[in-house]
Amino acid sequence: MKINKLHKASCHCGSVVLELTLPNGLDDPRRCSCSMCRKRGAIVASVLLADLKIIKGEDNLGLYQFNTMQAKHYFCKTCGIYTHHQRRSNPHQFAFNVACLEGVNPYELEPVKMYDGIHHPNDTVKL
Ligand SMILES: [Zn+2]
């Protein structure tokens with residue numbers, strides 16, 4: 001699959017469009033085992049906050065937060081598709097839904113690694 005250095009991503013209905021700066025392709029494509037991601041099932045990759053721009057539909061994004069209320073999960077209010085979230089383990093990054101990238105079939109990435117979100121690094125006691 002071809003990942004452009006500047007790659008558009010959109011929700012299903014097209015209300016929300018993102019522009020991602022991806023000079024090195026997909027950074028750390030993965031699924032996550034946390035209570036949210038295991039229901040969502042999306043493959044995500046990481047970008048710095050400055051490398052994700054919402055170019056259409058910012059007012060059509062819903063925000064979902066849970067548990068520690070640190071991560072910010074965004075989804076299209078019209079079609080319900082998860083587009084991206086600001087990460088809890090690295091708040092300087094967003095993770096985004098690889099399936100939203102234009103022209104990309106996320107199933108071609110399989111198998112992807114599993115991030116151990118159910119044992120979140122921020123919840124681990126540091127000795
Ligand atoms: Zn939508």
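His85 stands opposite Ala95 in strand E9, and that pairing is a friendly place to start a walk through this predicted model.

## Around strand E8

Which way do E8 and E9 pair, and over how many bridges? The two strands are antiparallel and share 3 bridges. They form a hairpin, with 6 residues lying between E8 and E9. On the E7 side there is a hairpin too: E7 and E8 are separated by 5 residues, and Gly80 in that turn has a positive phi of about 85°. The pairing of E7 with E8 is antiparallel and runs over 4 bridges. Here Tyr74 is the residue that stands opposite His84 in E8.

Is strand E8 mostly covered or mostly open? Covered: of the 5 residues in E8 (residues 82-86), 4 are buried.

The two hairpins can be set side by side:

| Hairpin | Residues between the strands |
|---|---|
| E7 and E8 | 5 residues |
| E8 and E9 | 6 residues |

## The chain as a whole

Stepping back, the chain holds 1 helix and 10 strands. Read from the N terminus, the order of elements is β-β-β-α-β-β-β-β-β-β-β. The radius of gyration is 14 Å, close to the 14 Å that the globule rule gives for 127 residues, so the chain is as compact as a globular protein of that length. Its C-alpha trace spans about 45 × 30 × 25 Å along the principal axes.

Buried residues account for 25% of the 127 residues in the chain. Among contacts with a separation of 6 or more, 57% join residues that are 24 or more positions apart.

## The nonpolar core

In soluble globular proteins, nonpolar side chains tend to be buried together. In this model, the largest nonpolar core has 20 residues, and the members touching the most other members are Ala9, Leu18, Val44, Ala45, Phe96 and Val98. At least two residues of this core come from each of strand E2 (17-21), strand E4 (44-48), strand E7 (72-76) and strand E9 (93-97).

What does Val44 touch, once residues up to four places away in sequence are set aside? Its partners are Arg30, Ala95, Phe96, Asn97 and Val98. Ala95 is a residue we have already met, as the one opposite His85.

## An open sheet of three strands

Strands of a sheet pair through backbone hydrogen bonds, either parallel or antiparallel. One open sheet in this model has 3 strands in the order E1-E2-E5, and the pairing is antiparallel. Strand E1 (6-10) and strand E5 (52-56) stand at the edges with a single partner strand each, so one side of each is left without a neighbour in the sheet. On average, and ignoring direction, neighbouring strands of this sheet are turned by 30° against each other.

E2 and E5 are joined by 4 bridges and run antiparallel. Within this pairing, Leu20 has Leu52 in E5 as its bridge partner.

Val17 is also a residue of strand E2. Is Val17 buried, exposed or partly exposed? The cut-off for a buried residue is 20 or more other C-beta atoms within 10 Å. Val17 has 18 within that distance, so it counts as partly exposed. Leaving out neighbours within four places in sequence, the contacts of Val17 are Lys8, Ser10, Ile55, Lys56 and Gly57. Val17 and Tyr74 lie 57 residues apart in sequence, while their C-alpha atoms are 12 Å apart in space.

## Backbone details in the loops

Most residues other than glycine have a negative phi, and most peptide bonds are trans. A few places in this model are worth a look with that in mind.

Asn67 is not a glycine, yet its phi is positive, at about 55°. This residue sits in the loop between strand E6 (61-64) and E7. Asn67 counts as exposed because it has 12 C-beta neighbours inside 10 Å.

Met69 is found in the loop between E6 and E7 as well. Its phi is near 65°, again a positive value in a residue other than glycine. Met69 has 8 C-beta neighbours inside 10 Å and so counts as exposed.

Where is the cis peptide bond, and what is its omega? The bond runs from Glu110 to Pro111, with omega near -5°. Pro111 has its place in the loop between E9 and strand E10 (113-115).

Note on methods
Residues numbered from 1 in each chain as written. Predicted model: local features only at pLDDT ≥ 70, side-chain atom pairs only at ≥ 80, totals over all residues. Core = buried A, V, L, I, M, F, W, Y, C linked by C-beta atoms within 7 Å. Contact = placed C-beta atoms within 7 Å. Rg over C-alpha atoms; globule rule 2.2 N^0.38 Å. Pairing = 2+ DSSP bridges. Axes fitted to C-alpha atoms, helices over the stretch in contact; angles between N-to-C directions.
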